[in-house]
Amino acid sequence: METNSLVAIANHSRQKLEYLIRMAEEFEKHPNRNLLRGKVVATLFFEPSTRTRLSFETAACRLGARVIGFADPKVTSGTKGETLKDTIMMVSNYADIIVMRHYLEGAALYASEISPVPILNAGDGANQHPSQTMLDLYSIYKTQGTLDDLQIYLVGDLKYGRTVHSLLTAMRHFNPTFHFISPQELRMPEPWKQYCRDNHVRFIEHEDFDADTIAGADILYMTRVQKERFADIAEYEHVKDRYLLKLDMLSRAKENMKILHPLPRVNEIEYAIDDNPHAYYFQQARNGLFAREALICDALNITLEDVVNDKNIIL
Ligand code: CP
């Protein structure tokens, strides 16, 4: 159905991304408002989540909406055989907007095609994670003062990591140079590399992960090896500890360099780095609140102008 769903960030223009960043800035200044009073936001999580679900729910609560949903599909009638289609049709009877995470690639697109209310994709399998990308863009913009002409190093599981795939598509508007650092088994899939070529996005592949390799980074984007996507657990064990970021590897880092990670972290960033000025992953997760306030409002046709002119701020 024709709604303001967010299925993939690739559908957004540079202008639209900058507009959403402006809106996130407004929400960071004043997160508590009544813009969604009377609305109901549903969060349907068919896969585990901490940040995405809780920050979407916090965003809804801070804007005056009420939240329904589930964090575990085992408590739903899906266990009795109810289909995704019927679940979406039911929930759209109750809620004004649906935030959904699903383990199947394409589930969000499918839901958006049948749902009478907007669907916000909170992650579909190894495919896309557009709301994560929005907070990543906001974090990059805040720390670098620009999104243009940056050296962005993506490290770890580039095969199954949906956050890095979404980030590629959004950054194509901003003339980045990407550096892909991963074990052979978890390299950026060929279709995504072709996407870069088709969109004139430069990329360089590396296997080394050391102080020299990352010395040119503006953004060092670490990722977790996605254990849940491996069919063979032995293959996971083989690669899981290959690319770990240690404090001494930051010795040659540029002053402005920030370490991002969509989280959860397993062991790929040493805890000693958490207090280092280059570490930004916890602030990045906080930025998710403001970015998701912007995304919910945008999907419900609340404009940047509405937010800027909102006099009903709760201090
Ligand atoms: N970044 C992210 O998607 O985290 P969660 O899986 O905890 O939602």
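This passage walks through the sheets, the ligand site and some notable backbone features of the structure above. The structure is a predicted model, in which local features need pLDDT of at least 70 and side-chain atom pairs count only at pLDDT 80 or more, while totals for chains, interfaces and linings use all residues. Residues are numbered from 1 along each chain as its sequence is written, and side-chain values use heavy atoms, with hydrogens and water left out.

A good place to begin is an open sheet of 4 strands, ordered β2-β1-β3-β4 with parallel pairing. Strands (E, at least two residues) and helices (H or I, at least four) are DSSP runs numbered from the N terminus, and two strands pair if DSSP finds at least two bridges between them. At the edges stand β2 (66–70) and β4 (119–124); each has a single partner strand, so one side of each is left without a neighbour in the sheet. From one strand to the next the twist averages 15 degrees, with axes taken as lines fitted to C-alpha atoms (for helices over the stretch in contact) and angles running from 0 to 180 degrees between N-to-C directions. Within this sheet, strand β1 (residues 40–45) pairs with β2 in the parallel sense over 5 bridges, and leucine 44 stands opposite phenylalanine 70 in β2.

Another open sheet has 5 strands, in the order β7-β6-β5-β8-β9, again with parallel pairing. Here β7 (202–206) and β9 (258–260) are the edge strands, each with a single partner strand, so one side of each is left without a neighbour in the sheet. The twist in this sheet averages 20 degrees from one strand to the next. Strand β5 (residues 151–155) runs parallel to strand β6 (residues 177–181) and is joined to it by 5 bridges; valine 155 stands opposite isoleucine 181 in β6.

Next comes the ligand. Around it are Ser49, Thr50, Arg51, Thr52, Arg101, His129, Gln132, Pro262 and Leu263, where a residue counts as near a molecule if one of its heavy atoms lies within 4 Å of it. Several polar contacts can be described, each a pair of N or O atoms within 3.5 Å. An N or O atom in the side chain of serine 49 is 2.6 Å from an oxygen atom of the ligand. A polar backbone atom of threonine 50 is 2.7 Å from a ligand oxygen atom, and a polar side-chain atom of arginine 101 lies 2.9 Å from an oxygen atom of the ligand. Taken alone, the ligand exposes 250 Å², of which the protein buries 92%; accessible areas come from the Shrake-Rupley method with a 1.4 Å probe.

Some backbone details complete the description. The peptide bond from leucine 263 to proline 264 is cis, with omega near 5 degrees, and proline 264 lies in the loop between β9 and α9 (281–299). Aspartate 149, although not a glycine, has a positive phi of about 60 degrees; this aspartate is found in the loop between α5 (130–144) and β5. Asparagine 175 also is a residue other than glycine with a positive phi, near 55 degrees, and is found in the loop between α6 (162–171) and β6.

Technical notes. Polar contact = N/O pair within 3.5 Å; in protein donor to acceptor, adjacent residues only side chain to side chain.
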